[in-house]
Amino acid sequence: MTSLTPLYQLAAEQKSADVTDWSARISWVIGLIVFIAFIYWLMRQGWKWRGSLQSDLPELPATPEGYADGEPLLTMTGRYHASTTAGQWLDRIVAHGLGTRSRVELTLTEQGLDVVRPGAADFFVPAAQLRDARLDKGIAGKVLPEGGLLIITWALGDKLIDSGFRSDRSAEHPAWVDAIHHLTSTTEGTAR
């Protein structure tokens, strides 16, 4: 019986596991929530700061009266992803709501391009302000396979802007590029 006594004594001397310190855990959780809220606040401030830097952009043109009377060359539904400074695919423009992603309905006529965005600011690009169209793979915040985005370049005041769209049917993109090239070439020809 002497050999069992030391084991019994060892078992009696062991301490039970520490009880969870709830005050420390709650403090860590609250600290983490405050940290995440602070990061979101910083991101929001950055977005507002970018908008104030771009406040020199003129207001977006509204759709003119009688626009619906014109014969649409093309229509498209899909997604509006972003607008950036032309040639700088990561320099997002947030002024006047151009940084807000949304669904989009595009209508191209001889008068220009009507951009209807449910839940965001609609705008109109007169044909004289359309500059180019191309297929690309990325614009601020969105990267797709090559040719997955329709990028339309247009002028707003003295600034050139690239706006990125993706059709629900991406096979429509080349027709849009051709139609805008045709429209810009005829507009340039009448301006001379």
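How many of the 192 residues of the chain, as a percentage, count as buried? The figure is 33%, with buried meaning under 20% relative accessible area, exposed over 50% and partly exposed in between (1.4 Å probe, protein chains only).

A quick note before the views: this is a predicted model, where local features need pLDDT of at least 70, side-chain atom pairs count only at pLDDT 80 or more, and totals for chains, interfaces and linings use all residues. Residues are numbered from 1 along each chain as its sequence is written, and side-chain values use heavy atoms, with hydrogens and water left out.

**View 1. The whole chain, with its three helices and nine strands.** Going along the sequence, you meet the pattern α-α-β-β-β-β-β-β-β-β-β-α. Helices (H or I, at least four residues) and strands (E, at least two) are DSSP runs, numbered from the N terminus. Take the contacts in the chain with a separation of 6 or more: 60% of them join residues 24 or more positions apart, a contact being heavy atoms within 4.5 Å. The accessible surface of the chain is about 12,000 Å², and carbon and sulfur atoms own 59% of that; such areas come from the Shrake-Rupley method with a 1.4 Å probe, and for residues only the protein chains shown count as cover.

**View 2. Phe-38 and Trp-41, a pair of rings in helix α2 (residues 22–53).** Searching the whole structure turns up four aromatic pairs. In this one the ring centres of Phe-38 and Trp-41 are 6.1 Å apart and the planes sit at 25 degrees, so the pair is stacked. The rule: rings of Phe, Tyr and Trp (its six-membered ring) pair if their centres lie within 6.5 Å, and planes under 30 degrees apart count as stacked, over 60 as edge-to-face and the rest as tilted. Three residues, about one turn of the helix, separate the two. Phe-38 is partly exposed at 43% relative accessible area, and Trp-41 is partly exposed too, at 45%.

**View 3. An aromatic cluster and the arginine over one of its rings.** Tyr-80, Phe-123, Trp-154 and Phe-165 make up one cluster. Look at Tyr-80 and you'll find the charged end of Arg-117 over its ring, 4.4 Å from the centre. To qualify, NZ of Lys or CZ of Arg must be within 6 Å of the ring centre and within 35 degrees of the ring normal.

**View 4. Arg-25 over the face of Trp-22.** Here Arg-25 is 5.9 Å from the ring centre.

**View 5. His-96, in the loop between β1 (74–85) and β2 (102–109).** Its phi is near 60 degrees, a positive value in a residue other than glycine. His-96 is partly exposed, at 25% relative accessibility.
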